[in-house]
Amino acid sequence: MISVYRNKGYDFTITSSTAYDHKWINGRNIFDSIDKIVDELFENYISKPNVRQPILTQYCDGNRVKCRERGWMTQWGSKELGDRGYSAIEILRDFYGNDVYINVAEEISGIPSSWPGYDLDIGATGNKVRQIQEQLNTIAGAYPALPVISADGIYGQKTKEAVRKFQNIFGLSQTGITDYPTWYKIQEIYVGVSRIAEL
């Protein structure tokens, strides 16, 4: 597998090692870029009209294992369609029919509030900002390195610095911006800290 791509003139190698590739193995290192993509896709699901539950999709490589006849998507078949310019939804419809749609969950349960749909940064205001400020203050009770800030609903410099410190503590990119991964990490830690406080 390693030599396949270079032999075809590509300037990269695909291995089966987490030291080089976007492959996940429990307990091993991961790439920030693939981690962010997974987070962004987490709330997406496929549906069909008049079907209440999300649609289960499965795939195989399509070469060593034949699966299209089972109604599954194929890895190499989807790559070929992508090379021909198909979008993600067009690839899915090629395999699963023209009546499939990609939806975004309005709410993800188990967390206090879902992602607002945009990054929170200097100048942002409102309930989502206030929520993050209040949650960071609760988290600061368990993580004293995190500064306590005013929960005024205004994303100012102190909020940005608190978010940057949170990102530093929990291994996120230290931008001070509450982006998608930061939002859900704050939710996760807040839930854990507040549940511990209830004990």
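## Isoleucine 177 and its surroundings

Isoleucine 177 is partly exposed, since its relative accessible area of 22% does not fall under the 20% that would make the residue buried. In this predicted model, the residue is placed in the loop that lies between α6 and α7, the latter helix spanning 180-198.

When neighbours within four places in sequence are left aside, the contacts of isoleucine 177 are Asp119, Leu120, Asp121, Tyr155, Lys160, Val163, Gln167 and Thr182. One of these partners, tyrosine 155, is 22 residues away along the chain, and the C-alpha atoms of isoleucine 177 and tyrosine 155 are separated by 9.6 Å.

## Helices α5 and α6

Val163, which is one of the contacts of isoleucine 177, also takes part in the packing of helix α6 against helix α5. Helix α5 covers residues 127-142 and helix α6 covers residues 157-169, and their axes come within 11 Å of each other while crossing at roughly 50°. This angle makes α5 oblique to α6, because it falls neither under 35 degrees nor in the range from 65 to 115.

The crossing of these two helices, α5 and α6, is left-handed. On the α5 side the contact is formed by Gln133, Leu136 and Ile139, and on the α6 side by Thr159, Ala162, Val163 and Phe166. Sorted by class, the residues in the contact of α5 with α6 comprise five nonpolar and two polar ones, with no charged residue among them.

## Helices α3 and α4

A second helix pair is formed by α3 and helix α4, the latter covering residues 88-96, and here the axes come within 10 Å and cross at roughly 135°. The two helices, α3 and α4, are therefore oblique to each other, as the angle is not over the 145 degrees that would count as roughly antiparallel.

In this pair, α3 passes α4 in a right-handed crossing. The contact draws on Gly77, Ser78, Leu81 and Gly82 from α3, together with Ile91, Asp94 and Phe95 from α4. The classes represented in the contact of α3 with α4 are three nonpolar, three polar and one charged.

## Serine 78 and leucine 81

Two of the α3 residues in that contact, Ser78 and Leu81, can be followed individually. Serine 78 belongs to helix α3, which runs over residues 75-83, and it counts as buried because its relative accessibility is 17%, under the 20% limit. Apart from residues up to four places away in sequence, serine 78 touches Met73, Ile91 and Phe95.

Leucine 81 is likewise found in helix α3, and at 5% relative accessibility leucine 81 counts as buried. With residues up to four places away in sequence not counted, leucine 81 touches Tyr86, Ile91, Asp94 and Phe95. Isoleucine 91 and leucine 81 are ten residues apart along the chain, and their C-alpha atoms are separated by 6.5 Å.

## Threonine 74 in strand β3

Threonine 74 lies in strand β3, which consists of residues 73-74. With a relative accessibility of 8%, threonine 74 counts as buried, because this value is under 20%. Threonine 74 is eleven residues from asparagine 63 in sequence, and the distance between the two residues, taken from C-alpha to C-alpha, is 8.4 Å.

## The chain as a whole

The protein chain contains seven helices and four strands, and, read along the sequence, these elements follow the pattern α-α-β-β-β-α-α-β-α-α-α. Of the 199 residues in the protein chain, 31% count as buried; serine 78, leucine 81 and threonine 74 carry that label, whereas isoleucine 177 is partly exposed.

Among the contacts in the protein chain with a separation of 6 or more, 44% are accounted for by residues 24 or more positions apart. The accessible surface of the protein chain comes to about 12900 Å², and 52% of this surface belongs to carbon and sulfur atoms.

Key. Residues numbered from 1 in each chain as written. Predicted model: local features only at pLDDT ≥ 70, side-chain atom pairs only at ≥ 80, totals over all residues. Heavy atoms only, no water. Axes fitted to C-alpha atoms, helices over the stretch in contact; angles between N-to-C directions. Left-handed = near helix turned anticlockwise from the far one by under 90°. Contact = heavy atoms within 4.5 Å. Nonpolar A, V, L, I, M, F, W, Y, C, P; charged D, E, K, R; others polar. Buried < 20%, exposed > 50% of the residue type's maximum accessible area, 1.4 Å probe, protein only. Areas by Shrake-Rupley, 256 points an atom, 1.4 Å probe, with all protein chains shown as cover.
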